[in-house]
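Colleague: I have this model open on my screen and would like a close look at one part of it. Please start with the cysteine pairing and then follow the chain outward to whatever else helps me read the picture.

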Amino acid sequence: RRALGCLGLWSSVTESVGMSGMMEQCDGEGWDMFSILKKTAAKCPQISRTYSIGRSVEGKDLLVIEFSNNPGQHDLLEPEVKFIGNMHGNEVLGRQLLVYLAQYLCSEYLLGNERIQTIINSTRIHLLPSMNPDGYEIAASEGHLYNGWTSGRANAQNLDLNRNFPDLTSVYYNRRRFKRFRSDHIPIPDSYWMSKVAPETYAVMKWIRSIPFVLSASLHGGELVISYPFDFSRHPLEEKMFSPTPDEQVFKQLARTYADAHATMSSNDTQRCGASFANNGGIVNGALWYSFAGGMSDFNYLHSNCLELTVELGCDKFPAEEELYPEWLRNKEALLSFMESVHRGIKGTVKDTDGNGIKGAIISVKGIRHDVTTADDGDYWRLLNSGVYIVSAVAPGYSRVAKRIRLPARMQRTGRVDFVLKRVLVEPDLDYFSIPELENYERFDPFNQFGQQDGAEPAEPNEDRSEKPWWWAYFSQMGISTPTWLLRNY
């Protein structure tokens, strides 16, 4: 096994030396994350590429490096995973770990590591090492010894990006008592666009909407624990209240996958940062820890098919350089195991009788009130634990088809469950898909002209909405979001 050029893509010898030292040797002009990512992609062009999802307030690229056996394209039935680091600019360890992960995937694939080759050949992986490069520069200018707990946390607009996403969790709580209300793909309320939306937030929302992500992790710092949704309490006055999603058991299993594979996260002997999560295996429901609205994990769950965890990597938000490589060793197996867990559950296609894939078909699991939808070519993924389930598929204008499945306790690979739907006539007033909010969901086009790519301010609301009709207060008092579908006739 040989070292692959100046990038520091290691062999067994270079791994023992330590990656941070190799970075210094390779990058004589200093640490340049963008350069390293692009060089890594250039070293493995057959399985990797870089692309930008947008720009920060100060114009820095939000650069992603992707790994796949067919980079740049979604392959039928191949799940998509994303990792996001440095959402808070002063929490820098996640940024470094994702750069290390990119180099590791590239080098080990070329060196013939069967496990890494299997992961990349069966999964499309997207790494965004820094979601907040502007905040990072503020934190980095102070350095490890002088950085405060909050310096550089926010973006250049002084917005906390993990409070800047649409608060769909409140919508979910307000409407869950309604029989026909969907707890998935909740549309973004128009009122959200009237507040300040960070270009970094908007770029990630476009990204989520444009790629059928299945699984995600956001890497943070300040504690040592895995947090899972909901992050916002089901009672607005309770700051610490267990607030599970319909996928509570799936989230717990995913969280344990990372925590158990981490060297110290679930250990009682590990030094903690003020809270003790070891008794629960190093995982916690977000709202039970502390409640906040507008978080990215809740948005992923309620607006898309993606399940996202928040990974708190440790007490020190800005660790010293000598701690970076040991932290990589503590997290490497956890990162790989988490990627592999995307193949837990079922996947398949939904087609019509002519063999054409049906986009937007709904996949439901009896007893779990949270559905997923098919991608452009009719393929889907549904993360599930072991057990017996009734799974059904339905699409507007098609019949519903249900199947009974059993997932074994030790799943070696994803179960394959395909559906073929027949066209039927559906009465409009009985059609599940006639709910007005589904129309509103499609109104958020991931490539619309919101104008935030250049750091512009959000567009002003239309003038004819400045005065609300008499029935507006009635809907607001009921806890129902803005009835934009009625405003069209106003």
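**The disulfide and what lies beyond it**

Modeller: Happy to! Cys44 and Cys106 form a disulfide, with their sulfur atoms 1.7 Å apart. Please keep in mind that this is a predicted model. The torsion about the S-S bond of Cys44 and Cys106 is about 80°, so the disulfide is right-handed. The bond ties together distant parts of the chain, 62 residues apart: Cys44 sits in the loop between helix H3 (33-43) and strand S1 (48-55), whereas Cys106 belongs to helix H4 (residues 93-110). Cys44 and Cys106 are both buried. The count of disulfides comes to 1. As for another cysteine, Cys306 is buried too, because its relative accessibility is 1%, under the 20% cut-off.

Now let us turn to strand S3, which covers residues 80-85. Of its 6 residues, 6 are buried. In a regular strand, side chains alternate between the two faces of the sheet. In S3 both faces are covered: one side carries Glu80, Lys82 and Ile84, the other Val81, Phe83 and Gly85, and all of these are buried. Two partners pair with this strand. S3 and strand S4 (residues 124-128) run in the parallel sense and share 5 bridges, and Val81 stands opposite Ile125 in S4. S3 is also joined to strand S5 (residues 213-220) by 6 bridges, again in parallel. In that pairing, Gly85 faces Leu219 of S5.

S5 gives us a handy way on to Glu312, since S5 spans residues 213-220 and one of the contacts of Glu312 is His220. Glu312 lies in strand S8 (residues 307-314). The UniProt record, an unreviewed entry, annotates Glu312 as "active site". Is this residue buried or exposed? Glu312 counts as buried because its relative accessible area is 7%. Beyond its sequence neighbours within four places, Glu312 touches His220, Gly221, Gly222, Glu223, Leu224, Val225, Met265 and Trp289. With Gly221 there is a polar contact as well: the side chain of Glu312 reaches the backbone nitrogen of Gly221 at 3.4 Å.

Residue Leu215, which falls within the range of S5 (residues 213-220), leads us to Ser341, as Leu215 is among the contacts of Ser341. Ser341 is found in the loop between helix H12 (324-340) and strand S9 (346-352). Ser341 is buried because its relative accessibility is 3%. A polar atom of the Ser341 side chain lies 2.5 Å from the backbone oxygen of Phe338. Leaving aside neighbours within four places in sequence, Ser341 is in contact with Leu215, Leu254, Thr257 and Leu383.

S9 (346-352) takes us to the last stop, Ile405, whose contacts include Ile346. Ile405 has its place in strand S14 (residues 401-407). This isoleucine is buried because its relative accessibility is 11%. Further contacts of Ile405, outside its neighbours within four places in sequence, are Gly387, Val388, Tyr389, Val391 and Val417. If you would like a distance to check on your screen, try Ile405 and Gly415: they are 10 residues apart in sequence, and their C-alpha atoms are 8.8 Å apart in space.

Notes
Residues numbered from 1 in each chain as written. Predicted model: local features only at pLDDT ≥ 70, side-chain atom pairs only at ≥ 80, totals over all residues. Heavy atoms only, no water. Helix = DSSP H or I, 4+ residues; strand = E, 2+ residues; numbered from the N terminus. Buried < 20%, exposed > 50% of the residue type's maximum accessible area, 1.4 Å probe, protein only. Contact = heavy atoms within 4.5 Å. UniProt positions renumbered as here; feature names shortened; annotations may be inferred. Polar contact = N/O pair within 3.5 Å; in protein donor to acceptor, adjacent residues only side chain to side chain. Pairing = 2+ DSSP bridges. Disulfide = S-S within 2.5 Å.
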